[in-house]
Amino acid sequence: MNKRFSAFFLSSVIWLSVLLSSNAQAAEKPSFEQYIELIKTEAIDKGYDKSLVDEALNGLTYRHKVVKKDKTQPEFIQTLDTYLPKRVNDWVVKKALKQLNDNEALLTTIGNDFGVQPRFIVALWGLESAFGKYTGSHSVFAALTTLAYEGRRESLYRPQIFAALEIIKRGENTVAGLKGSWAGAMGQTQFLPTSYLNYAVDYDGDGKKDIWNNKADVFASIANYLKSEGWDNDGTWGRQVKLPKTFDINLSVGKGRSLAQWLKKYRAGEKSLADWRQLGLLRFDGTSLPSKNIKAALILPDDAKGRAYLAYNNYKTLMHWNRSYYFVTSVGYLADLIKYPPARLKL
Ligand SMILES: [Ca+2]
């Protein structure tokens with residue numbers, strides 16, 4: 001049998017056995033073990049060595065705790081007013097300032113090489129892994145297979161399993177060394193495997209893109225991600241603004257079900273700063289908006305009742321990193337606080 005046919009044959013046998021099962025629930029979905037077998041067959045079909053596939057995927061168990069965590073992410077149950085002071089707390093700001101200072105030479109070189117202001121590299125590093133302190137100790141293969149099998153976001157997580165196999169195949173890490181968060185995000189940058197393949201950089205030239213232990217690789221990988229997704233080194237991310245008392249909320253971007261959908265809304269909602277000024281928007285401190293000739297879009301992370309932001313081009317790059325208004329606001333807020341020390345610690 002050729003590989004493609006054998007994959008088809010095996011999956012047919014599994015589905016048939018599932019269909020013949022007297023358990024009505026089982027008929028709807030293969031078991032976790034059966035799902036892993038399908039992934040293994042597909043991986044071998046894609047050309048990965050059987051020994052590698054067995055090492056990575058044998059003996060995995062479904063992690064109920066991972067799914068439980070995935071369903072209770074804090075962003076779904078908080079508002080920005082409660083989230084931001086926790087996420088960007090005094091410890092984070094002080095530590096970010098210290099890291100910016102301690103790593104000034106390396107950050108300046110990398111910032112210049114990639115065209116990304118160091119304060120954004122440090123802000124992302126700090127918020128993703130507490131400056132490398134928390135990188136996760138979960139088996140990436142266990143986390144990814146659990147989340148793919150669970151099903152709500154299979155289209156995101158299933159390709160990550162094959163990307164993780166690719167990382168091992170390329171000799172960048174080992175199966176045992178491939179550790180990450182409960183959501184499969186790896187190392188100090190918290191890259192999912194596809195992001196690792198697309199953006200990770202071996203900056204110190206030792207032959208490995210080591211986002212787990214090498215600071216130069218970590219900083220350069222963050223910078224390379226931003227540069228690859230359109231970062232503008234001359235611009236900032238956006239700013240908090242004050243809306244006039246009567247204002248058409250429909251002028252804000254809103255939310256999209258996908259990045260592409262969101263970007264479409266963003267483009268439709270873009271106006272010049274002069275136009276926003278005409279509409280009565282002010283800086284949050286009540287002064288006039290900058291007179292720069294740039295475009296901006298209005299973001300209301302918690303709808304009309306919450307904070308309002310004007311987003312600039314780099315906002316789109318941060319949304320590519322993580323399509324969450326809370327996350328992007330935290331990154332921008334922290335980057336702003338470490339731009340003008342001493343930091344304004346109270347919100
Ligand atoms: Ca390296």
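The legends below go with close-up views of a predicted model.

**View 1. The whole chain combines 17 helices with seven strands.** The protein has 347 residues, and 36% of them count as buried. Many contacts reach across the sequence: among those with a separation of 6 or more, 68% join residues 24 or more positions apart. Mean pLDDT is 91. A value of 70 or more is reached by 88% of the residues. Residues 343-347 have a pLDDT below 50. That stretch still has nine contacts in the model beyond near neighbours in sequence.

**View 2. The largest nonpolar core holds 83 residues.** Ile121, Ala123, Phe141, Leu144, Ile222, Ala223 and Leu334 have the most contacts inside this core. Domain 1 (3-60 + 137-186) and domain 2 (238-311) both supply residues, so the core lies between them. What does Phe141 touch, leaving aside its neighbours within four places in sequence? Its contacts are Ala56, Leu57, Leu60, Ile161, Ala164, Val175 and Leu178.

**View 3. Helix H9 covers residues 118-129.** Of its 12 residues, 12 are buried, so H9 is largely enclosed by the rest of the structure. Among these buried residues are Arg119, Trp125 and Glu128. Ile121 and Ala123 are buried in H9 too; both are also listed among the core residues with the most contacts. What covers the buried residues of H9? The cover includes helix H6 (80-87), helix H7 (90-102) and helix H8 (104-114). It also includes helix H13 (215-228) and H17. The length of H9 fits expectation: at 1.5 Å a residue it should span 16 Å, and its end C-alpha atoms are 16 Å apart. Ala130 follows H9 and has a positive phi, near 50°.

**View 4. Helix H17 runs over residues 325-337.** Is H17 mostly covered or mostly open? It is mostly covered, with 10 of its 13 residues buried. The buried set includes Tyr325, Val328, Tyr333 and Leu337. Leu334 is buried in H17 as well, and Leu334 is one of the residues with the most contacts inside the largest nonpolar core. At 1.5 Å a residue, H17 should span 18 Å; its end C-alpha atoms are 18 Å apart, which agrees.

**View 5. Five strands form an open sheet in the order S4-S6-S7-S3-S5.** The pairing is antiparallel. Which strands sit at the edges? They are S4 and S5 (282-283), each of which pairs on one side only. At one end of the order, two bridges join S4 (residues 271-272) to S6. There, Ser272 stands opposite Lys295 in S6. Three bridges join S6 to S7 (residues 308-311). Ile299 has Tyr309 in S7 as its bridge partner. At the other end, two bridges join S3 (residues 238-242) to S5. Lys242 has Leu282 in S5 as its bridge partner. Strand S6 (residues 295-299) has four of its five residues buried, so it is largely enclosed by the rest of the structure. Strands of a sheet pair through backbone hydrogen bonds.

**View 6. Gly269 belongs to helix H14 (residues 259-269).** Gly269 has 18 C-beta neighbours inside 10 Å, so it counts as partly exposed. Which residues does Gly269 touch, not counting those up to four places away in sequence? They are Leu251, Ser252, Val253, Ala297 and Leu298. Gly269 and Lys295 are 26 residues apart along the chain, yet their C-alpha atoms are separated by 9.8 Å.

**View 7. Two loop residues, Gln190 and Asp303, have a positive phi.** Most residues other than glycine have a negative phi. Phi of Gln190 is near 55°. Gln190 lies in the loop between strand S2 (179-180) and helix H12 (193-199). Is Gln190 buried or exposed? Gln190 is buried, because 23 other C-beta atoms lie within 10 Å. Phi of Asp303 is near 65°. Asp303 is found in the loop between S6 and S7. Asp303 is exposed, with 11 other C-beta atoms within 10 Å.

Conventions
Residues numbered from 1 in each chain as written. Predicted model: local features only at pLDDT ≥ 70, side-chain atom pairs only at ≥ 80, totals over all residues. Core = buried A, V, L, I, M, F, W, Y, C linked by C-beta atoms within 7 Å. Buried ≥ 20, exposed ≤ 12 C-beta atoms within 10 Å, placed from the backbone. Domains from an automatic or database assignment. Contact = placed C-beta atoms within 7 Å. Expected span 1.5 Å × (residues − 1). Pairing = 2+ DSSP bridges. pLDDT = per-residue confidence, 0-100.
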